[in-house]
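Colleague: Got a minute to walk me through this model? I'd like to go over rings, helices and a few odd residues.

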Amino acid sequence: MKHGVAFRKFSRTSSHRMLMLRNLVTSLVQHEQIKTTLPKAKDAARLAEKLITLGKKGDIPAFRRATGFLLDQSLIPKLFTELAQRYSQRPGGYTRIHKFGNRPGDNAPHAILELVDNPRDLRFQMTARAVGWELLGKKVGQVDPKSLVATGIPEVGEVIQKEKTVSPEGRGELRTVTRRNLQKVLKYRGKDAVEEMSKIAEDHVDTLLAQPLALKEIAAAKQEKKDKAAAFAGIRLKAGQTLPGGVRSTLHLAQGALGRDNSGRWSWLPRRKLGVDKSAVWNEL
């Protein structure tokens, strides 16, 4: 009976399964964000947590165990210096899993496995954009949107700094969910985290303000193009007509498609021009 046998088998032998998980963890340490199936992400996250704990210990036994686990030995310095310093104050929870729909073909559940507080942290990016969205929504109801295009929202950094200290039961300028996510992503980050989040939020505000203006300009340009086409529709040239100063002869215009030179065709397979002489004199007209 299968009693006390934990974790997933992945329809592989123990050696194959362990090598696959080691490869996933090695890629995670190298790129800090990978995409795989949800079951593999859960098992790889468990091993990645233990590996980062070895990096935080920093002693000789931990160094030997980490060297024997990682497939790329060039990542050992990164584990014991950069990652150990990044998570020195964090008691655990070094990985995060984002569900990413299903894979085309076999419909397997996809997921993004990433290291917390990495340079491309998805939770940090989404929280910063949510801050910009909510602050812009409040400002639009109070100030003219045209003036916001010129000034933006300069007090984003002050709002983020203030929301860090608001209690869960308190009230601030952000929603409760956004404030909780903001406090979570900034808890163990460095001093530059507030400035970085402010920059992302301000960029997102500029994008939200620019999209309606860009759509207006595109619609205006399309309408102007239609108006020009309608204005010239009445004087569109017909077969045989020419304008003053035109370089093409009236006969060449009257011939239409039959008067075109098919220079791209082979010389021994020319297209026959019905009713038109094939001499060089006619082609020069």
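Modeller: Sure, let's go through those topics one by one, and keep in mind that this is a predicted model.

Colleague: How many aromatic pairs does a search of the whole structure find?

Modeller: The search turns up two aromatic pairs. One is Phe63 with Phe80, a tilted pair at 5.6 Å centre to centre with 55° between the planes.

Colleague: Where in the chain do Phe63 and Phe80 sit?

Modeller: Phe63 is in helix α3 (residues 60–69) and Phe80 is in helix α4 (residues 76–86). They are 17 residues apart, so the pair links distant parts of the chain.

Colleague: Is Phe80 buried or exposed? And what about Phe63?

Modeller: Phe80 counts as buried, because its relative accessibility is 19% and the cut-off for buried is under 20%. Phe63 has 41% relative accessibility, so that ring counts as partly exposed.

Colleague: And the pair of Tyr87 and Tyr94, why is that one called tilted?

Modeller: The planes of Tyr87 and Tyr94 are at 45°, and tilted covers whatever is neither under 30 degrees nor over 60. Their ring centres are 5.2 Å apart. Both tyrosines are buried.

Colleague: Which arginine lies over the face of Phe7?

Modeller: That's Arg46, at 3.8 Å from the ring centre of Phe7. There's also Arg189, which lies over the face of Phe124 at 4.0 Å from the ring centre.

Colleague: OK, switching to helices. How do α2 and α4 cross?

Modeller: Helix α2 covers residues 38–57, and its axis crosses that of α4 at roughly 95°. The two axes come within 8 Å. That angle falls in the 65 to 115 range, so α2 is roughly perpendicular to α4.

Colleague: Which residues meet there?

Modeller: From α2 you have Leu51, Ile52, Leu54, Gly55 and Lys56, and from α4 there are Leu79, Phe80 and Ala84. By class, the contact has six nonpolar residues, one polar and one charged. Phe80 is also the α4 ring in the pair with Phe63.

Colleague: Now the strands. What is His110 in contact with, leaving aside its neighbours within four places in sequence?

Modeller: There's a run with Lys35, Thr36, Thr37 and Leu38, and another with His98, Lys99, Phe100, Gly101, Asn102 and Arg103. His110 itself is in strand β3 (residues 109–115). With a relative accessible area of 14%, His110 is buried.

Colleague: Thr37 is in that list. Which strand is Thr37 in?

Modeller: Thr37 belongs to strand β1 (residues 33–37). Thr37 is buried too, with a relative accessible area of 10%. Its contacts, leaving aside neighbours within four places in sequence, are Arg103, Ala108, Pro109, His110 and Ala111.

Colleague: Last topic, backbone angles. What is phi for Phe10?

Modeller: Phi is positive there, about 60°, although Phe10 is not a glycine. Ser11 also has a positive phi, near 55°, and is likewise a residue other than glycine.

Colleague: Where is Phe10 found?

Modeller: Phe10 is in the segment before α1 (14–31). Ser11 is found in the segment before α1 as well.

Colleague: Is Ser11 buried or exposed?

Modeller: Ser11 counts as exposed, because its relative accessibility is 79% and the cut-off is over 50%. Phe10, with a relative accessible area of 16%, is buried.

Key
Residues are numbered from 1 along each chain as its sequence is written. This is a predicted model: local features need pLDDT of at least 70, side-chain atom pairs count only at pLDDT 80 or more; totals for chains, interfaces and linings use all residues. Side-chain values use heavy atoms; hydrogens and water are left out. Rings of Phe, Tyr and Trp (its six-membered ring) pair if their centres lie within 6.5 Å; planes under 30 degrees apart count as stacked, over 60 as edge-to-face and the rest as tilted. Helices (H or I, at least four residues) and strands (E, at least two) are DSSP runs, numbered from the N terminus. Buried means under 20% relative accessible area, exposed over 50%, partly exposed in between (1.4 Å probe, protein chains only). A charge sits over a ring if NZ of Lys or CZ of Arg is within 6 Å of the ring centre and within 35 degrees of the ring normal. Contact means heavy atoms within 4.5 Å. Axes are lines fitted to C-alpha atoms, for helices over the stretch in contact, and angles run from 0 to 180 degrees between N-to-C directions. Angles under 35 degrees count as roughly parallel, over 145 as roughly antiparallel, 65 to 115 as roughly perpendicular and the rest as oblique. Ala, Val, Leu, Ile, Met, Phe, Trp, Tyr, Cys and Pro count as nonpolar, Asp, Glu, Lys and Arg as charged, and the others, Gly among them, as polar.
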